[in-house]
Amino acid sequence: MSQHLRRRQTGWLDKCLLLGLLLSMLILALPANAATGTDSTPNFAHPALTIPRIDVQGYGSLNLSLVLESEASMTFRIASATPAAAGLTPGATYNLKTQELTIPTLRVGSQFYSAQLRFISADRLQLVSTTAVVLPGQTAYQQLCASCHGADGLGGSVRVSLKNCSNCSALDVLGTRINNTMPLGNPSACVGTCASEIASYILTAFNGSSGPQAAQALAAIEPLSLDATLRNAALHLVSRVPSSAEIALVTQKGEVGLRQALDGMLEEDAFYTRLGEIFNDMLLTNRYLASNGAETATGLMLRFPTARWYDPGVSLRGSDYAFNRSTTNDSVALEPLELIEYVVRNNRPMSEILTANYFMVNGFSAKSYGITSVTFNNERDPNEFRPAVLPGIPHAGVLSSLMFLNRYPTSATNRNRARSRLVYDVFLDVDILALDGVRPDGSAVDISSKAPTMENPDCVKCHSLLDPVASSFQDWNLRGTFAPPRTWYTDMFQAGFGGVAAPARSKGDSLQWLAKQIVADPRFDDGIVRVVYRGLTGHDPLRAPAANSPQAETEAYLAESALLDQITAKYVGANRNLKTLIKEILVSPYWRADGLNNAAFAAVHEQTGAARLLTPELLHRKIEALFGFQWRGPLDQYFSNRNLASSARLLDARQYYHQIYGGIDSFTITERLSDPNGLMVIVQERMANEMACYAVPNDFLSARTARRLFPHVETSTVLTSAQGQAAVRQNIQHLHRYLLGEELALTDAEIEHTYALFSTVLQQGQSALGTSETTSLPTRCMRNNDISTGASLNTGGVDRRLRNDNNYVVRAWMAVVAYLLADYRFIYG
Amino acid sequence: MDRRKFLKALSAFGLAGTLPMTLGTTVWGATAQRLFVTVNASGGWDPTALIDPKGNSQRADGLGPVNKYPASAIKSVGRLQVAGYPDSKEPPAKSSAGHLETFFNKHYQRLRVVNGIDTQTNGHETGTRFVWSGRLEEGYPSVAALAAAPYASQPMAFISNGGYDFTDGLVAPVRTASAATFTSLAYPNSQYADNAALRAQTYFSNKAYSTVEAARQLRLARLGSGETLPQRAAQMAQLEKVRRGDVQLDGLLAYLPAQVSTGLKGQAELAVAAFASGQAVSANLNLGGFDTHGTHDDDQTDALTLLLEGIDHLWEQLVLRGLQDRVTVLIGSDFGRTPFYNTGNGKDHWNITSIMAMGAGITGNRVIGATDANFEALKLNPGTLEPHSSGIVVTPKHVHRALRDFLGVSSELDKLYPLNVERLALFA
């Protein structure tokens with residue numbers, strides 16, 4: 001193609017040698033790499049003016065880039081000219097006689113102008129005139145849409161951006177969407193031509209110019225290696241290190257192998273533990289677990305006569321009373337999260353978490369609900385949850401869950417608005433309270449009418465959205481019981497969604513109707529993406545920037561939202577299978593970000609990355625994955641001290657550190673701490689000390705081939721020989737890899753730093769032996785009993801105990817392990 | 001970099017402590033001279049059962065009485081009007097610090113009450129946010145976080161017991177646990193931290209421990225200097241900063257009672273010990289049990305009794321440590337409860353509420369604001385603070401505007417989180 005172009009250029013040059021502009025264009029066209037993109041509209045983003053396609057008779061189509069050289073004289077220099085991409089329409093014309101470049105529609109931010117430039121030298125043009133242009137649909141957009149989506153389409157007060165929006169794939173898709181649902185609460189205000197023109201304006205104004213910038217921003221991210229990605233994903237999702245088979249998959253098949261390995265992980269039970277945490281962080285229904293009170297969940301089951309089936313009366317309680325009581329409570333409490341697990345585990349579309357006409361029970365909760373129609377393989381297995389239906393109850397997935405409805409109760413004055421607000425927030429990714437910026441002050445609002453929420457424009461803005469959803473909950477009372485009222489309030493908007501009224505109520509199924517509307521709304525997909533993205537990265541996707549935000553913020557948002565839209569499309573295309581969504585996020589540059597290869601993008605990527613302070617639950621499981629036991633006290637007492645709830649240092653809030661370390665109880669504490677504070681770093685310190693004390697001697701008890709930490713050294717390996725020094729270095733290399741995921745060469749400076757630490761502690765300790773130091777290990781570090789049976793390690797004439805550290809090697813390794821366990825790369829992940 | 005990010009950056013590098021925020025007096029040093037406590041009655045308390053009493057007269061609209069005690073049971077304690085106990089509820093013992101009369105007789109001279117505050121919401125989350133940040137929408141830090149922000153480099157500057165503790169990154173909230181937990185953290189290298197006789201038995205020798213700690217800090221600095229991802233670089237800088245902080249938990253433990261109480265009293269003991277040991281600048285205390293949709297009179301009375309006992313205990317602890325002239329206490333709740341009973345003898349959410357303030361800088365025995373017989377807010381003349389039909393309705397935004405002025409929140413912070421509303425001298 002390039003040779004063909006060159007031949008044609010030569011012929012054209014014969015005719016137009018003096019036309020410096022075109023000469024410049026054609027010389028610059030020599031690389032002949034076709035530009036990419038689908039937007040034909042010329043665009044000015046200071047200082048670049050880009051014309052995606054300009055046609056020159058007989059010489060094809062060119063993509064022309066100009067750079068503003070002088071703002072005083074408005075002079076542009078030609079920066080590049082390449083063959084235009086296919087599928088574009090011409091956006092400018094060049095008049096050979098007048099040497100004028102005419103651009104009928106030039107986009108400048110969210111404004112449009114017609115522009116005229118005149119050729120003034122070999123590669124320079126001067127802007128001679130501009131005239132504001134009003135595009136079809138622009139005025140209607142400003143009148144009907146801008147108050148919520150912003151004049152620039154980036155989201156405005158409601159922060160629902162129209163840039164890369166999920167309905168922005170095609171004009172007819174967007175036009176239909178607007179025609180049927182917009183403006184929210186009053187869709188009849190814009191139908192037909194109005195809708196299609198606004199759709200055209202949105203696509204032209206907001207959805208054409210971000211491609212190249214977004215691609216550049218993404219290219220600046222240096223991703224983790226696939227091996228490291230696999231390790232991070234395994235620890236995060238299933239709390240283990242990758243298996244050799246998974247590592248082989250990645251080695252042999254690259255990203256395809258990584259995806260296959262992830263597929264396997266997403267089938268493991270451990271993944272569903274993490275999934276429950278991710279969704280509970282948003283729903284907070286674990287507020288009803290027994291850890292917040294013995295019968296906090298079963299106590300809500302007032303209308304179920306067998307709710308407390310496990311209690312035969314005080315005098316008749318058996319030894320299993322306490323177990324049955326707490327297990328039943330937690331089985332009831334976990335119901336909404338179990339529904340989500342069921343949907344994901346069975347590859348059902350996520351829409352079913354709201355539309356399911358069933359709920360989940362196990363053998364314990366089924367008895368409380370009085371359900372006998374469900375058959376369990378083992379009714380005493382608290383993990384065996386199955387779908388069930390309560391007769392006469394129109395289930396609507398999570399929305400009709402007893403836990404959800406009680407967690408977000410209503411009242412005669414609230415009228416389900418709290419429930420509605422949460423539905424918008426979690427399931428539609430819309431913060432109702434952010435609508436129109438600031439809620440009017442009471443003194444500034446006229447609430448004298450009978451129904452200000454329906455009549456006063458200040459109130460209607462929000463309540464026209466909030467109240468139809470709230471009214472759709474009308475059949476579910478304060479206690480979460482299905483109890484259709486005889487009448488419903490007439491001084492608020494009636495049940496509906498997106499401007500569509502719910503059909504006349506029959507059998508109290510307005511919540512089911514609402515659920516169907518919600519899952520048909522593209523924002524439902526955005527909501528699910530947000531929940532998962534937040535769970536995996538520790539932070540929400542970037543919100544659309546405010547109108548006066550720095551350019552870097554806008555670019556960051558455009559790049560991230562463009563990628564998330566692609567991910568969302570794949571997830572939707574996969575029948576809304578959440579596993580697809582999780583996989584796509586995990587292989588994306590945002591989750592794999594390991595650095596930047598271009599410092600110029602530092603501001604754009606200020607928040608890029610998935611590194612986060614591990615939650616107490618994630619850290620607890622990481623410790624167990626790497627050491628084979630949990631952090632809950634000395635190993636000699638480990639067997640007899642198995643009460644996880646009260647002894648796991650990072651899970652118990654009463655005596656230990658769950659709350660201090662930023663955990664939530666989903667009740668009074670509902671926000672996780674994402675930054676460490678003074679106490680949290682001491683928890684890290686104590687964890688490192690204790691775990692080093694427990695793990696190091698314990699590891700030396702095993703045969704070398706079975707060791708996790710010390711496959712290259714013995715307690716007798718010291719630094720007095722070159723062989724010993726090499727073994728220690730090799731083991732340090734192993735520890736950096738095993739505990740921190742660092743792949744370091746033996747000559748790496750970090751290996752030397754760790755070696756120096758080992759050497760220093762060893763020398764200090766050895767020199768103090770007999771004076772301030774003894775040959776005994778610290779008492780709690782001694783290993784006397786089997787960790788899994790509690791039996792003595794000194795039986796049958798074989799003494800396998802480890803109590804002494806004659807040459808201080810064990811304690812020197814303890815120092816190394818403690819050093820690594822409080823490392824950033826261990827406590828963040 | 002916008003102003004908020006600039007401030008956060010300062011905070012991340014330990015410089016925020018030099019910002020000119022004061023708590024009553026000008027403070028430029030690293031140690032706060034004035035301290036702040038918020039007490040949150042979580043769930044929505046009923047001011048008509050406390051300091052905005054109405055009595056049991058039947059409402060004109062047929063919704064019944066506001067309260068189930070006679071107007072004659074309302075007591076005047078100084079200028080405060082104190083509720084009676086519901087007819088069906090056995091009051092706590094008069095000797096209890098949580099008994100209404102006992103509490104107010106003891107504290108009325110130091111208590112300032114603002115009644116008739118319109119929270120504009122009936123939602124818990126929104127109400128809590130509005131009452132403690134001054135903004136209905138998300139995004140503003142708790143006032144307790146604002147108080148601690150200039151001292152963000154102190155490792156325990158802001159102690160939180162739940163409730164609304166959003167800080168917007170200005171200061172890291174520290175959550176608390178039992179005294180035993182603090183002991184284990186006071187001596188992280190001890191094998192037997194909770195046993196004074198064995199406490200000296202450590203995991204590592206002091207020498208080895210120092211060597212490890214020094215190696216950690218050097219390693220963190222190396223990692224930070226080579227990091228190209230801004231988010232991770234910021235996390236490393238934050239971790240390094242916090243690790244440099246000197247938490248003196250053993251000093252805090254010295255101020256704790258031998259037996260730390262449970263509930264609100266325990267929270268108060270820990271907060272005061274943290275104040276006395278110079279570890280904390282502000283604390284939010286939190287007590288649940290006020291969301292009394294059913295059997296309101298029983299449950300609300302019990303919760304209020306615990307609340308008043310806790311506040312009294314807080315005050316006694318402050319006096320014990322000589323801090324009563326340095327600590328300002330603000331007591332509030334998500335919103336109020338309906339001025340009528342529902343069919344379950346409960347009370348639902350109501351947007352009108354009250355706050356109480358006491359301690360440093362507060363002139364007590366004064367009530368500002370009022371509600372009518374149906375517990376609707378009366379408008380106030382912003383100048384005289386007396387009810388006036390053409391005045392304004394007081395919202396939490398007004399309260400926080402006044403509170404910030406009273407506390408001397410710096411103009412930097414004030415501009416970051418603007419409250420554009422009339423200035424009322426609620427605390428002056």
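**A walk through chains A and B**

Let's begin with chain A, whose secondary structure adds up to 31 helices and 16 strands. Keep in mind that this is a predicted model. The C-alpha trace of chain A stretches about 105 × 85 × 50 Å along its principal axes. Chain A has 829 residues, and 48% of them count as buried. Look at the contacts in chain A between residues at least 6 apart in sequence, and you'll find that 64% of them join residues at least 24 apart.

How is chain A carved up into domains? The assignment gives domain 1 (2–132), domain 2 (138–209), domain 3 (216–270 + 523–601), domain 4 (284–520) and domain 5 (616–827). Note that domain 3 is written as two segments, 216–270 and 523–601, while domain 4 covers 284–520. Now take domains 3 and 5 of chain A: their C-alpha centres are 32 Å apart, and seven residues of domain 3 are in contact with seven residues of domain 5. On the domain 3 side of that contact sit three nonpolar, two polar and two charged residues.

Over to chain B, which is assigned domain 1 (3–178 + 260–416) and domain 2 (186–254). Here 36 Å lie between the C-alpha centres of the two domains. Their contact involves 11 residues of domain 1 of chain B and 11 residues of domain 2 of chain B. The domain 1 side of this contact holds six nonpolar and five polar residues, with no charged ones.

Next, the sheet in chain B. It is an open one with eight strands, in the order β6-β5-β7-β1-β8-β11-β4-β12, and its pairing is mixed. Why do β6 and β12 of chain B each have a side without a neighbour in the sheet? Both stand at the edges with a single partner strand each, so one side of each stays unpaired in the sheet. On average, and ignoring direction, neighbouring strands of the sheet are turned by 20° against each other.

Strand β8 of chain B (residues 327–333) makes a good stop, as seven of its seven residues are buried. In a regular strand, side chains alternate between the two faces of the sheet. In β8(B), Val327(B), Val329(B), Ile331(B) and Ser333(B) point one way, while Thr328(B), Leu330(B) and Gly332(B) point the other way, and all are buried.

Which way do the neighbours of β8(B) run, parallel or antiparallel? Strand β1 of chain B (residues 35–41) runs parallel to β8(B), joined by seven bridges, and Leu330(B) is the bridge partner of Thr38(B). Strand β11 of chain B (residues 352–359) pairs with β8(B) in the antiparallel sense over four bridges; there, Val329(B) has Met358(B) as its bridge partner. Towards the β12 edge, β4 (residues 112–118) and β12(B) pair in the parallel sense over three bridges, with Val113(B) opposite Val367(B). Helix α9 of chain B (residues 263–276) packs on the sheet, touching β1, β5, β7 and β8 of chain B, and its direction makes about 175° with that of β7(B).

Finally, the two chains meet. Their contact draws 69 residues from chain A and 67 residues from chain B. On the chain B side, the elements that each supply at least two residues are β6 (173–175), α5 (179–186), α6 (206–226), α7 (230–244) and β10 (349–350). By class, that side has 28 nonpolar, 28 polar and 11 charged residues. One of the contributors, β6 of chain B, is also an edge strand of the sheet you just toured.

Terms used. Residues are numbered from 1 along each chain as its sequence is written. Chains are lettered from A and ligands numbered from 1 in the order in which they are written. This is a predicted model: local features need pLDDT of at least 70, side-chain atom pairs count only at pLDDT 80 or more; totals for chains, interfaces and linings use all residues. Domain bounds come from an automatic or database domain assignment. Two residues are in contact if their C-beta atoms, placed from the backbone, lie within 7 Å. Ala, Val, Leu, Ile, Met, Phe, Trp, Tyr, Cys and Pro count as nonpolar, Asp, Glu, Lys and Arg as charged, and the others, Gly among them, as polar. A residue is buried if 20 or more other C-beta atoms lie within 10 Å of its own, exposed if 12 or fewer, and partly exposed in between; C-beta atoms are placed from the backbone. Two strands pair if DSSP finds at least two bridges between them. Axes are lines fitted to C-alpha atoms, for helices over the stretch in contact, and angles run from 0 to 180 degrees between N-to-C directions.
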